[in-house]
Structures are given as C-alpha cells and as structure tokens.
Amino acid sequence: MEIDEQSDIILPDGSPGRDVVLPRDVLPGVIQIIAQESRPFFPGQAIPLLLDAQMWTSTLQVIRERKLQVVGLIATRGELSETLAPEDLYAMGTACRIHRINQTEGHIQVLLEGLQRFRVRRWVNDRTPLSVNAQYFPVRAASDTPEEKAYAVAIINTIKELIPLNPLFGEELKIFLARSNPNEPSVLADFAAALTTASKEDLQEVLETISLQPRLERVVELLHREVQIAQAQMEIRQHVEEAIQGHQRETFLRQQLKFIQQELGITKDDKTAEIDEFRGRLEGKSVPETAQQRIDDELTKLSLLELGSAEYGVTRNYLDWLTAVPWGTYTEDTNDLAIAKQRLAKDHEGLDDVKARIIEFLALGIMKGDVTGSIICLAGPPGVGKTSLGRSIAAALNRKFYRFSVGGMRDEAEIKGHRRTYVGAMPGKLIQALKDTGVANPVIMLDEIDKIGASYQGDPASALLEVLDPEQNSNFHDHYLDVDFDLSKVLFICTANQLDTIPAPLLDRMEVIRLSGYLDVEKLAIARKHLLPRQLARAGLRRRGDIKINAAALKTIIEGYSREAGVRRLDKALAAIVRKCIIKLLEGAEKPIAVGKSDVSEYLGPPIYEKEPLQQGVGVVTGLAWTALGGVTLPVEATRVHSRQAGLRITGQLGDVMQESANIAYSYLLANRERLQIDEEFCNRAFIHLHVPAGATPKDGPSAGITIATALLSLARGKQPRINAAMTGELTLTGKVYPVGGIREKLLAAKRQKIRRVILPAANQRDYDEVPEHIRKGIKVDFVVTFEDVVALVF
C-alpha cells in the first residue's frame, strides 16, 4: 500500500491543523510504526531505544524524508520477529518525537519523547516500513473533580512509601518533577504506571484506558502491589543481613573466647585436641604391641610438626585410620542353630540343599565356638539369591554385613591399599570394610569374584590369596597401615556365576556351594511370599490387597516371561505390572485391581517364551547344555543335502570344542558302520548338514558328543528315535561316554521342559546322587558307559 500524502495533520491539543503552526508541533494523520517487544511506552516519558538496523532503517528513512520527526511506538503481543503482521501488535500505542538518532554496527539508537496516545484506525502499510492512520487522544488539562484529585494524592502518597524501600524510585521522581507538572493527573498516572514492575499486559491495559478516573484506579492498584513486593524484598534483605551479621558476631566472640581460654589454660589448641582425640579412640581397644608402638611414634611426630606443613596432614590422616580400625572389637555370635534355620527359611524359598549345607557350616562353627576357618563360595546363575543368602548368614550370626564387588577390579591396591608415599593414598577395601562396620569380625561378601581382572598395576586375585587363606590372614598386612591386622575372625563369602574363570589357587581356598536355580513351583512360592510383597511395599501401597495377582497369572508370568534359572526377570515383570496398576489406581480405578491369567499379556505384552513342543523326527535329537545362566535344552538337527560326495557341514556358531565333538561323532559312525548298521552308500556319498539352533547364540563344550552322534545315526538309518529323551555326554573315538559337568542344572532344564527321560554318562552317577530329590522326582535317568548303550536305548 502507498502512504496517503494528503492526510490531515493534527495539533498536539487535538484540533485539526488548519492554522499556522510550528512544524515540531504537527502530528501527522498517517504515522510510521516501530514495534517494541518489552514494555509499553507512555506519554510524558523520554526513553533511549535500541533498534535493529536491518529491520528499522527503512522506517526511519521514510520519517526523515517526510521531515516530521514523529513515530508511533506500539508494543508487540508476543516476541518481536522479522515478519511482523498487524495482528502481532496491539491497537493502541504512543506517538513519540524523535530527538536524536545514532547508528552503530548493526544497531540504531533513538532518543524518543512520548507525546500522545493513539489508536490504529486502519493500516496503511502492513509491511515494513509499517504505517497506520492514527486517532490521537490529547492529554487532558488539570482536573476539577474531587475524585480525580483524591486519586492523584493517593498516587503521590504511595510513591512516597516506595521511595524508602527502593532508592531508584526517588531518582525517577526527581526527573519527573523537573520535566512535568505533578498537578496534571493524566501525566501523573502515566508516570506512576511506568514506575512499576508490572507485566506488559497490565501496562498495556493502563495505556488503553482513555478515561482518566478508571486509569487512576488501575494505577493505584498497581502501585499498592508494587509496595507489597518492595516490602517483601526489604524483609528478605534485612533477614539475610541479620543472619550474616549474626554469623560474623558469633565467629568474633568464638575467637575471643578461644583466646581467653588459652590464656587461662582452660582449653587446648587444635593440635593438642586432635592428639587427645586419637588417644581417646584407643580406649577399650586391644591394640597389638607393634601397632601400639607405631601409633605412639606417629603421635610424637605429630606433636612436633607445624599445623600448616604438608607432613602434618599426611601424618594426621595416617593416625586417623590407625585409630579408627576396630582393634580387638568383636560382636558376639548367636549360638542358637534354630534361629539360623528360622532366618534362612524366612528369607529364602527352596534351596533346601544349600540351606542344609550352610547350617552344617554354622553348626561346626558353633560347636568349636568360632565361625571361621573356611571361605564359602556361592556359585550359581544370576538372580538365584547369592547376595541375599550372604545377608541372611550375617543376620543369623548377629554379625555386621559388608559387601563390595571385585568384578572388573584390576589394581591390587584395591585389596592391599596404597603405600603412604603416594598422593591420595588410602587403605584397601578390607580395612575400609572393618572401619565402616566398626568390628573385627563382620561378614564380608566379595561379589562377582569370577570377573576379577588383572593389569600392569597388579593382580588382585593373587592379592586375595593371602586374604582368603585361613593360615595367613591372621597377619594381613595392608600397605597403607603398614602393620599387621588379624582377619581370621572375618567370615568371607564369595559369589560367582561360574568357576572356570576363577584362578585355581584361589578356588582351592574356597568351599563351593552351588545354587542351581529354581523350579517353577519354587518360583511361584518366591513370587507370592517375597517378590510381590516387596514390590507393593516399594510402590508405597499401605494396603497390599489393593493389587491382587492370582496364582494362574503368576504361573503364566513364570512360563512365558521368566524361564531363566533365577528370579530377576520375574521380579522385573512383577514390578512392571505393579507400576501399571498404580497408574490405574491414581486414575480412579476401583480397588482392588485383580490381575488374572488373561490380563498378563495386557500388562507385559506378548510372551517372550512360547510353549514349543520338543522337536522330533529323523535326524533330530534333544541335548542338554550348561551356561552361566543355568541349564538349557539344545536341539541338534542333521539332514542329508545331496548324494554326490560325502562330507559334513557344521553351523550354529559352534565353538572349537563342540566342532571337535561333531567331527569325532562323524568319524566314529564311519569307522563303525557295520556294527551300527549304517548303509555303505550313506557313508560314501551322503553330504550331511549338522545344525544346532539358535544360530545367533554361541555354543561350546564337549557335552553334546553323544547327542550329535545319535542325530547322525538317526539320519543314517532313516529312523526316528524310539524314545523321547534328552541326553548329554562326551563321546570318544573308541565309543566311550565320558562324564560332563552341570548335571544339576541340566536336570533342572529338562524338568522345566517337561522331559521325563534323560540319558547320562555312568561316571556322573555320583553327581546325580547329590541332586536334591525334588529335582530328580518325575525324571527317569539311564546311565550309559558306551555309545552302544545309547543306541540300545534310543533305537
């Protein structure tokens, strides 16, 4: 749109411009617009405004060309943007006279004086440079009504209240009195509104209020609010100053009191007080003679050192540790075996054989009056309760419990401490455990000992040899303390997922107790008695009956979402259900929320494990394997690819040992073709593909030997195995079946898969006899010496 050059001009008093007037007193009918993002601008004010040169240069150029140094200032409704539209600006603004323009790099500084309010009649140009046809509202002269005078007096009195609370208001008032007449209520109201810290919306409302009395009422309201804010700020400032002055006064008095007491000999200096504190710690402790001599020497050295010296800090820290160690401080063990049984039964479901072995260990200690002498190693898959068993043992003995993980530990100083010559030296974890527990006979758990590492900084496993040897740990020597400490009263409990990675000398010092895992029935009892109540308590439910998960739902969770040996996934699944039930409770659902078998998939999604029947057919045999997570079933598949050339292809990510087992089985079948009734054409021409699902899971170990041989024999004879059995055992080239490990875990895996018959090496009879009766129940086991015994059973 083009600017209307013939628009009327208006005088500052509001009359049409038809008389001779000075150019500076003319207000144009069409006025250029500048948008302001911060606060509205009122008539009677003077303000320096900083503008973006790129955005507003064209507007100022138009004003300069028209030779009317007047511009309209309008506040934006939101943030200022380069693409302004009429709806982004308020309809009311202030006409201002431009007194000075200074241009700097990228910015223009403009000094403005507010003249009159104006309202936008219509937009002449809605793009930069912006211009509007304006309706002006001149400032009224002095008031004659008593109400307006009363409001003006109220405004002045409120400003007087503000001046003592904030000195800046006094400076603003001086400027106003020098430039304006305080007897004009309109000018006074605009000045008072601009004085406040009110929001842009509130100030725009004052600007748009043309009638004087409503405007005065609104300004008085804003001023009273400003007084309340200023009073609150003053109270806060006074409170902070009083607190600071109080601290300074207290510090000054304490320094005076300390000096007076020293002069009178009533108190001691810091060094003497620390020495007395160290001596006081040793009262009632049975400190060995060598350690006591070291402490006395260090105390003498400390008394001679200056407080500010570096050696003073090192010596003080050393004495702090030496005197904090519980020399000769012991807790009295509980000698009641019934309490120990009760505690283990309360904290753990199942694991009867493990609990019986722990009771035997405790009974021996109670009989001789000292539960020490051997180190327990709890070995089993994750989530079977190794750490919680350690806590229960400590509680049954009435001892303090301390746990730290040695998994990934690579520095022997973590065990035996750093030498004091190093900066930041500290004792090892064992001395720290004794200090934290405050006794010399706690139960210390070394978690994840099978994952301990080694590096150029030393071998922590070798450092543990001294700690875990009952013949040596009575004189344990920590590098930092540099004196011997008796660890023979400490009961050490180690945990591990597998024993293969534990160094043999270290394993030799431990008494291994294996935790094989839980059956579904045991998991159900654990979920009902332990896991679910714990999750409800963690969720803050006062009434446990608000969420009910029935037995059928728990069985579905166990079978479909938690088939591992432990109960960690089961615990996570219950936690997920409880969280979602709590959301329903907070949304107003009726209590109690019942979770049934059909509701499980709604809370946890589709089952992770589907019920898959055991694979059967020619060339398909089920094996049993052991992993760090427990026992698993392992199907072995063999098929004939073609008959052009004999050969064997092996897939399924099999390790070197398992590939050797497959080659041994294949060679044994070819070498004993006639005895095993295998067709000669099969041996000479059949190309066989052997696969062990799942292909993405690495597998290794010798225990699949007879399983692979049976699968190949089934393929060679073209007959499906007569019995549905799972098997495990190592096969030799002479047909002998050698023993394998993990019998308990493998039988548990077979029981979970509802397998009723298992073939084991005869040499594993002893391992089978040690398996608890509740695991063996329902499984028929056949023991074999040679592969011919397997053939007789299967075919």
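In which sense, and over how many bridges, do strand β9 and strand β14 pair? In this predicted model, strand β9, comprising residues 375-379, and strand β14, comprising residues 491-496, are paired in the parallel sense, and four bridges connect them. Within this pairing, isoleucine 376 is placed opposite isoleucine 493 of β14.

The two strands belong to an open sheet of five strands, in which the order is β10-β11-β14-β9-β15 and the pairing is parallel. The edges of the sheet are occupied by β10 (401-405) and β15 (510-514), each of which has a single partner strand, so that one side of each remains without a neighbour in the sheet. When direction is ignored, neighbouring strands of this sheet are turned against each other by 20° on average.

A helix pair was also examined. The axes of helix α8 (residues 289-304) and helix α9 (residues 310-324) come within 10 Å and cross at roughly 150°; because angles over 145 degrees count as roughly antiparallel, α8 and α9 are assigned to that arrangement relative to each other. The crossing of these two helices, α8 and α9, is left-handed. On the side of α8, the contact is formed by Arg294, Ile295, Glu298, Leu299, Lys301 and Leu302, whereas α9 contributes Glu311, Tyr312, Thr315, Arg316, Tyr318, Leu319, Leu322 and Thr323. Classified by character, the residues of the contact of α8 with α9 comprise seven nonpolar, two polar and five charged.

Notes. Residues are numbered from 1 along each chain as its sequence is written. This is a predicted model: local features need pLDDT of at least 70, side-chain atom pairs count only at pLDDT 80 or more; totals for chains, interfaces and linings use all residues. Side-chain values use heavy atoms; hydrogens and water are left out. Axes are lines fitted to C-alpha atoms, for helices over the stretch in contact, and angles run from 0 to 180 degrees between N-to-C directions. Angles under 35 degrees count as roughly parallel, over 145 as roughly antiparallel, 65 to 115 as roughly perpendicular and the rest as oblique. A crossing is left-handed if the near helix is turned anticlockwise from the far one by less than a right angle, and right-handed if clockwise. Contact means heavy atoms within 4.5 Å. Ala, Val, Leu, Ile, Met, Phe, Trp, Tyr, Cys and Pro count as nonpolar, Asp, Glu, Lys and Arg as charged, and the others, Gly among them, as polar. Two strands pair if DSSP finds at least two bridges between them.
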